Amino acid sequence: MKDKSFSIIGSYKTKNTVEKAAGVIFIICAFFAVLAVFSITIYMITSGAPAIFEVGLKEILFDIVWKPTAAEPRFGILYIILTSIVGTFLAILIGVPIGLMTAVFLAETAPKRLAGIVKPAVELLAGIPSVMYGLLGILVLNPVVYKIEMALFKGDPTHRFTGGSNLISAVLVLAIMILPTVINISETSLKAVPAYYKQASLALGATHIQTIFKVLIPAAKPGIVTAIVLGVGRAIGEAMAISLVAGNGVNFPLPFNSVRFLTTAVVSEMSYAVGTHRKVLFTIGLVLFAFIIIINLILNKVMKGGNKDAVRS
């Protein structure tokens, strides 16, 4: 007796049915993805717009004083916006080069045994909850930064000591948190570059390092830019870890100032905010949402420009 083997493409009718069913499933999934983005956008606009009409866009975006519970409340978030921009930029400036070089090391130069140790460690780093980064920052990073702060501002009567909870600590924590995203996606992109790119470069007399920086990294640029986009999204959207190490003060974003990010502004006050105060917190969320959209559009534009240049060359 012969065993019957099962095949999903047993006949033309079966194939046609499967293709149609798969097409319907894909359309439904795409519809829900678009619906989710559309719903979030509408919700953020409807929730954040009332405070703009009540307080005024200029007063919210360009005032530097944040006193929502005062007798004469003021809702200026300019310093909070600047802190998010500066903090995210510095975290990317530190984290992306380290992450990219680590990805190059794992993909191209690391011995297999060493790569077998480093790669699981990076993947484990990605699975650590953000609150753990904040706790480690409080226990390890803040005391070190505080010692540096005391040494630099010793005898300065005008400086407000932060105990290490300041912009520097927040930037370093964010830089560490984006490393797994940048490393994993960049490494995957580098390994996806066709082998003949590397072989052709080496055959023309280029060294291994020249091949990496002149051939492999430019060829993997779309994936690397995607890694940066996701890293920026995590950095600008992080709240829990930053609320523990940044100090949560509304100040100009100087290295040793206690600062507050857009995300921590919402998290720290939403539980007790009422009335106009609560509406302005939703407006802060709308500003954060707009920042993420703008950053994604800019980086996607850069990525498309890089793709066109690669095709022309």
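A salt bridge here is a side-chain nitrogen of Lys or Arg within 4 Å of a carboxyl oxygen of Asp or Glu. By that rule, the structure on your screen holds seven salt bridges. Keep in mind as you click along that this is a predicted model.

**Stop one: a link between helices**

Start by selecting Lys279 and Glu54, and show their side chains. The two meet in a salt bridge, with 3.2 Å from N to O. Now colour helix H12 and helix H1 (residues 12–55): Lys279 belongs to H12 and Glu54 to H1, so this pair ties together parts that are 225 residues apart in sequence. Turn on the surface and look at the two partners again. Lys279 is partly exposed, at 34% relative accessibility, and Glu54 is partly exposed as well, with a relative accessible area of 42%.

**Stop two: a four-residue network**

Next, go to helix H4 (residues 112–127) and pick Lys119 and Glu123, which are four residues apart and thus separated by about one helical turn. Their side chains form a salt bridge of 3.8 Å, N to O. Glu123 has a relative accessible area of 42%, which makes it partly exposed, and Lys119 counts as partly exposed at 27%.

Add Glu187 and Lys191 to the selection. These two sit in helix H6, again four residues apart and about one helical turn from each other, and their salt bridge spans 3.1 Å from N to O. Is Glu187 buried or exposed? Glu187 counts as buried, because its relative accessibility is 3% and the cut-off for buried is under 20%. Lys191, in contrast, is exposed, with a relative accessible area of 53%. With all four side chains in view, you can trace how salt bridges that share partners join Lys119, Glu123, Glu187 and Lys191 into one network.

**Stop three: past the end of H6**

Follow helix H6 (167–192) into the loop that leads to helix H7 (195–203), and select Pro194 there. Pro194 is partly exposed, with a relative accessible area of 32%. For a sense of scale, draw a distance from the C-alpha atom of Pro194 to that of His277: the two are 83 residues apart along the chain, and 55 Å separates them.

**Stop four: the largest pocket**

Which residues line the largest pocket? Select Ser84, Ile85, Thr88, Phe89, Ile92, Ile228, Val232, Ile236, Phe291, Ile294, Ile295 and Ile298, and you have the lining in view. Helix H3 (78–109), helix H9 (221–237) and helix H12 (275–312) are the elements that each give two or more residues to this lining. H3 has the largest share, with five residues. Try colouring the lining by residue type: ten of its residues are nonpolar, two are polar and none is charged. The space inside comes to about 280 Å³.

**Stop five: a nonpolar patch on the surface**

Finish on the outside. Show the surface and select Val131, Met132, Leu135, Leu136, Ile138, Leu139, Val140 and Met240, which make a nonpolar surface patch of about 690 Å². Which helix gives the most to this patch? That is helix H5 (residues 130–152), with seven residues. For a closer look at one of them, centre on Leu135 in H5. Leu135 is partly exposed, with a relative accessible area of 39%.

Key
Residues numbered from 1 in each chain as written. Predicted model: local features only at pLDDT ≥ 70, side-chain atom pairs only at ≥ 80, totals over all residues. Heavy atoms only, no water. Patch = residues over 30% accessible without salt bridge, like charges linked within 9 Å, V, L, I, M, F, W, Y side chains within 5 Å. Areas by Shrake-Rupley, 256 points an atom, 1.4 Å probe, with all protein chains shown as cover. Buried < 20%, exposed > 50% of the residue type's maximum accessible area, 1.4 Å probe, protein only. 1 Å grid on protein atoms, 1.4 Å probe; cavity = no way out; pocket = protein on both sides within 12 Å on 5 of 7 lines; lining within 4 Å. Points joined across faces, edges and corners; volume = space filled by probe spheres on them. Nonpolar A, V, L, I, M, F, W, Y, C, P; charged D, E, K, R; others polar.
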